[in-house]
Each structure stands twice: as structure tokens, then as C-alpha cells.
Amino acid sequence: MKTSPITKILGIKYPIIQASLNWLTDAKFVAAVSNAGGMGTLGPNAGKTSPDQDATEMLKKQIAEAKKLTDKPFAVNMIVNSEDDFAYPDKTFKAAFDAGVRIFILSGAINPKLFKEIKDSGSTLIFRELNPSVEGAKKAETLGVDILIATGYDEGGIIPTTGLGTFTTIPRIVDAVSIPVVGAGGIMDVRGVRAAFALGAQGVYVGTRFIVTDENRTSYAAKQKIIDSTVDDVVLVSPNQRSIKNPMADKWAKEFNNGVKDTYQQTREAGGVRPAMLDGKLDDGVISIDVGINDIHDIKSVKEVVDEMMQDFEN
Ligand SMILES: Cc1cc2nc3c(=O)[nH]c(=O)nc-3n(C[C@H](O)[C@H](O)[C@H](O)COP(=O)(O)O)c2cc1C
């Protein structure tokens, strides 16, 4: 049986973290992951059903609700757009900290002021650089980050523009630092978990596979669409985003291939993943998934996913 320092650092049973899935997260889902022995994560628009709702107020409600559903730890994710991006992630951090959250996952740029604030609060800090780099990993380590996430191009969501796959990214980051590294990108089942650990990861960060679970709030239509699709149905809709084909994705893919530079902005203006994935309007917006979807054949419970992936670990 394997063990990992991640479980001790986070106070969880298994070294599996549910990746931030933005709109597709809520208290029920996150609590289900934590109750299954992993660590759930509330994403930036957790629990919201409309862009008009205030994200911070909704986050506070989701944290309170999750605390009713689990006594296990869960995290809150914030996106940091640049080295100077402080005000918004700081507001989210303070709201979540006041509500009792003590584990934070920052995705994006390194903002030393924010990192220091989170570490000074006594919280645990997990960092995911969008384009994982040796330089960024080393800097994050010196700033007191507890766990690094090494994400490969195989992932769903906003993908690394470097194009480096999960198999090259994990060992590159593992070899650069002494802190534990969690692997992400295309991990669909226990084979992916074993591969990540063989490459030196000490945990896994799983997004797409968790979308197709009973407890996830993604629409049934989108879950079924993922099951019915293969990687051959996937297109790049912008330099850093892929989608299952639909009329909008096809249009963006064509424009992107023809050199129109603002397709990312267009995907955002169309609501990103919300219309198709949350609302079930499959022809609208982005159906964001990783390149491992061939291995998703059915809707499982969160616990089934965790148990299958974590079968080598002590329980
Ligand atoms: C629909 C969707 C939404 C995502 N939203 C976020 C987000 O808000 N913040 C973030 O850091 N990562 C986000 N991600 C990326 C995940 O955190 C993670 O890197 C990725 O899902 C892991 O790879 P996998 O999907 O291959 O398991 C998202 C991914 C997907 C599929």
C-alpha cells in the first residue's frame, strides 16, 4: 500500500484533490469529494446560476452549506491573473477565511503579497501555474507554497500554451523543488494515478472525470455528451481552450485556425462553459474537457471515482 505526504498536509484520507471546475462546483459536490476521502474545491463561480449573482456572497453561502454536509477539509480556488492582481483574490480569500476555510488553491500568476497574506494567516497554500515552469515552481517554493500542482496540456479548462504534456510536466516540476507535487491533466482512472506517481507526483488533481459524477451539478445533457464523445470530437477553440464540437466551437476553431486572435474573448462573451455545461444548452458556448474522455463510459458516484483511483492507498 502506498502513502503520501499530501494526506497529512491536507488532513485527508487519500492524495486526490478535486480540481477547481469553476461554475461546475457547489457545496454538495465538494462535500461529496471530501466525504469520499479526497479534497473538494469550491471554484470561482461555485453555486451560482447566473453571472448577475455576487460571487463572494454566494461563496460564503456555499462554504456554510458545505460545512453542514462534511466535517472534512475542503479548499477554495482563486484565479490570479497577473503578478499585480491582488484586490479580487484578496477579497475572496478574506471571505473564505472568515467562513472557516484554511486551504487555498491559487491558479495563474505568482503574487508574492497574496501568497504572504495566505501563509501568514496559517492557511495551507496550493499553487497551480497555468504554464508550469521550473522558474515558477522554484519561486513558489521560496514563497512558502505547501503543494505545487503540475498541469499538463492534456487537461481540461484553460490549458498550458506551452503544449507540454502531463508526462513531461510532472517530472520536470518534481525535479525542480523539494515540496510535494500533485500531477494534473488527463488522469481518468487508476492507471493515470499510477503513472503520475511513477513520475514522482505525490498526489493527483482531477477535474474532467469528476464532472461526470452523480453529485456534480453539470447538466445531464452535458454529462451524456461527454460519455458519447471521443477525443476525435474535440477541437481547439482558442490557444488555451478546447471543447467538444458544437456549432459555436466549430466557428471559433475555424477562426482560431485562420489566425483570428480574439477567440478566447469570444468564448468568454458567450458565457464560457456555463450555457452548455451548466444549463444544458449544448449548442452554446464551450464544453470544456480533457483529452482523456475516451475513458469516461458512465456517470459514477464521486465515491466510486475516488475508490477506483485510490485503490493502491491505505484506507
Ligand atoms: C470545465 C472546467 C472548468 C475549470 N475551471 C477552472 C477554474 O476555475 N480554475 C482553475 O484553476 N482551473 C479550472 N479548471 C482546470 C482544472 O482546475 C484542472 O487543471 C484540470 O481540470 C485538471 O485536468 P483534468 O481535467 O484533465 O483532470 C477547469 C477545468 C474544467 C474542465
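The following exchange concerns the ligand shell, the two domains and Ser50 in a predicted model.

User: What makes the pair between Glu155 and the ligand a polar contact?

Analyst: A polar side-chain atom of Glu155 lies 2.5 Å from an oxygen atom of the ligand. The cut-off for N or O atoms is 3.5 Å, so the pair counts as a polar contact.

User: Why are Asn22 and Gly207 given polar contacts to the ligand?

Analyst: For Asn22, a side-chain N or O atom is 3.1 Å from a ligand oxygen. For Gly207, a backbone N or O atom is 2.7 Å from an oxygen atom of the ligand. Both values are within 3.5 Å, so both pairs qualify. The protein buries 96% of the 600 Å² that the ligand exposes when taken alone.

User: Which elements give two or more residues to the shell around the ligand?

Analyst: They are β3 (74-80), β8 (203-206) and α9 (208-211). In total, 23 residues surround the ligand, with Ser107, Glu155, Gly186, Thr208 and Asp290 the closest.

User: How do you know how the shell divides by class?

Analyst: Its residues are sorted into 8 nonpolar, 12 polar and 3 charged. Gly counts as polar, so Gly186, one of the closest residues, falls in the polar class.

User: What is known of the two domains and the area between them?

Analyst: The domain assignment gives domain 1 (5-214 + 297-309) and domain 2 (230-288). Their centres, taken over C-alpha atoms, are 24 Å apart. Contact involves 14 residues of domain 1 and 11 residues of domain 2. About 1100 Å² is buried between the domains, and carbon and sulfur atoms give 63% of that area.

User: Why does Ser50 count as having a polar contact with Asp52?

Analyst: A polar atom of the Ser50 side chain lies 3.0 Å from the backbone nitrogen of Asp52. That value is within 3.5 Å, so the pair meets the distance cut-off. Ser50 sits in the loop between β2 (40-42) and α3 (55-69). Its C-alpha atom is 10.0 Å from that of Pro275, 225 residues apart along the chain.

Technical notes: Residues are numbered from 1 along each chain as its sequence is written. This is a predicted model: local features need pLDDT of at least 70, side-chain atom pairs count only at pLDDT 80 or more; totals for chains, interfaces and linings use all residues. Side-chain values use heavy atoms; hydrogens and water are left out. A residue is near a molecule or strand if one of its heavy atoms lies within 4 Å of it. A polar contact is a pair of N or O atoms within 3.5 Å; within protein, one must be able to donate a hydrogen and the other to accept it, and residues adjacent in sequence count only if both atoms are side-chain atoms. Accessible areas come from the Shrake-Rupley method with a 1.4 Å probe; for residues, only the protein chains shown count as cover. Helices (H or I, at least four residues) and strands (E, at least two) are DSSP runs, numbered from the N terminus. Domain bounds come from an automatic or database domain assignment. Contact means heavy atoms within 4.5 Å. Buried area is the accessible area (1.4 Å probe) that two parts lose on being put together, summed over both.
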